[in-house]
Amino acid sequence: MDQKTSIKVTSEKLDLQDCTSFVEDESCGGIVTFIGTVRNATENRTVTLLDFSGYETMAVKEMQKIADKALQKFPIYKIAIHHAVGKLKIGEIPVIIAVSSAHRKASFEACEFAIDTLKETVPIWKKEHFEDGEVWVNSHP
Amino acid sequence: MNINILFFGITSDFVGKSKVSYTINQKSTVKNLKKEITNLYPNLSNIKEFAIAVNEEYAHDDLILNDGDVVAIIPPVSGG
């Protein structure tokens, strides 16, 4: 059977073309992609880099659950969820989600569902590095 | 019985390592374990919460642990 999901956690550079090629199909009227990029500041502090680490085997399982849920919940054709780990500089890409469907609405909705859920459940953490220190994101009251 | 505990994110900084082997009573629950490790590593209470995964699945407080389980301490995630 044709794979409907592509899940990856990698220390290599993410490839947008990989994700869109995986989801594209003649039956689809569109592809929606979300590309997460490293922003240069947090609350006016200059960020120098983000260091992502993960519980990689579990992260893959949780990402697979999100992809399977998206396929159940929305009339989409395929979904790819790829996440990078390691040190990423400003503008580099920690996450790509690509979704295809016959009609665009399903892909938009599924893509938003996937990134929102990923940020809640997938065991990956980022440490923000500033010019004068570093902070684990979300970890302080 | 023995379990392995993995620490991720800020909790690995608190504990100073990413993995420990730990001896716990038979039939201990996730809730028991949370209490024990927070006593053992008091700075874990500096974060508002942490989840526990057992053998790579999120676990409820009442789950009973088994010998050889791999338990992960999961502070609030921040991927994406």
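Two strands count as paired if DSSP finds at least two bridges between them. Strand β1 (residues 2–7) and strand β5 (residues 70–74) of chain B clear that bar, pairing in the parallel sense over 4 bridges. Keep in mind as you look around that this is a predicted model. It scores ipTM 0.95 and pTM 0.96.

**Chain A at a glance**

- Chain A has 3 helices and 9 strands, and along the sequence they come in the pattern β-α-β-β-β-α-β-β-β-α-β-β.
- The radius of gyration of chain A is 16 Å, close to the 14 Å that the globule rule gives for 141 residues, so chain A is as compact as a globular protein of that length.
- If you boxed up the C-alpha atoms of chain A along the principal axes, you'd need roughly 50 × 25 × 25 Å.
- Of the 141 residues in chain A, 36% count as buried.
- Take the contacts in chain A with a separation of 6 or more: 76% of them come from residues 24 or more positions apart.

**Strand β4 of chain A and its partners**

- A good place to start looking is β4(A), residues 45–54, which runs antiparallel to β3(A), residues 41–42, with 2 bridges joining them.
- Those two strands, β3(A) and β4(A), make a hairpin with 2 residues between them. In the turn, A:E43 has a positive phi of about 45 degrees.
- To find the β3–β4 match-up in the model, look for A:A41, which stands opposite A:T46 in β4(A).
- β4(A) also runs antiparallel to β8(A), residues 124–130, and here 7 bridges do the joining. One pair to pick out is A:V47 with its bridge partner A:F130 in β8(A).
- Another antiparallel partner of β4(A) is β6(A), residues 86–89, joined by 4 bridges. Here A:D51 has A:K87 in β6(A) as its bridge partner.
- As background, strands of a sheet pair through backbone hydrogen bonds, either parallel or antiparallel.

**The sheet in chain B**

- Chain B averages a pLDDT of 96, and 100% of its residues score at least 70.
- In chain B, 5 strands form an open sheet in the order β2-β1-β5-β3-β4, with mixed pairing.
- The edges of that sheet are β2 (19–23) and β4 (57–58) of chain B; each has a single partner strand, so one side of each is left without a neighbour in the sheet.
- Back at the parallel pair from the opening, B:F7 stands opposite B:I73 in β5(B).

**Where the chains meet**

- On the chain B side, 16 residues are in contact with 23 residues of chain A.
- The chain B residues that touch chain A divide into 10 nonpolar, 4 polar and 2 charged.

**The largest nonpolar core**

- The largest nonpolar core has 54 residues, and the ones touching the most other members are A:I79, A:I81, A:I97, A:V99 and A:A114.
- Helix α2 of chain A (residues 56–73) supplies the largest share of this core, with 6 residues.
- Zoom in on A:A114 and set aside its neighbours within four places in sequence: A:A114 is in contact with A:I66, A:A70, A:I79, A:I81 and A:I97.
- More generally, nonpolar side chains tend to be buried together in soluble globular proteins.

Methods
Residues are numbered from 1 along each chain as its sequence is written. Chains are lettered from A and ligands numbered from 1 in the order in which they are written. This is a predicted model: local features need pLDDT of at least 70, side-chain atom pairs count only at pLDDT 80 or more; totals for chains, interfaces and linings use all residues. The radius of gyration is taken over C-alpha atoms; the globule rule is 2.2 Å times the number of residues to the power 0.38. A residue is buried if 20 or more other C-beta atoms lie within 10 Å of its own, exposed if 12 or fewer, and partly exposed in between; C-beta atoms are placed from the backbone. Two residues are in contact if their C-beta atoms, placed from the backbone, lie within 7 Å. pLDDT is the predictor's confidence in each residue, from 0 to 100. Ala, Val, Leu, Ile, Met, Phe, Trp, Tyr, Cys and Pro count as nonpolar, Asp, Glu, Lys and Arg as charged, and the others, Gly among them, as polar. A nonpolar core is a set of buried Ala, Val, Leu, Ile, Met, Phe, Trp, Tyr and Cys residues joined through C-beta atoms within 7 Å.
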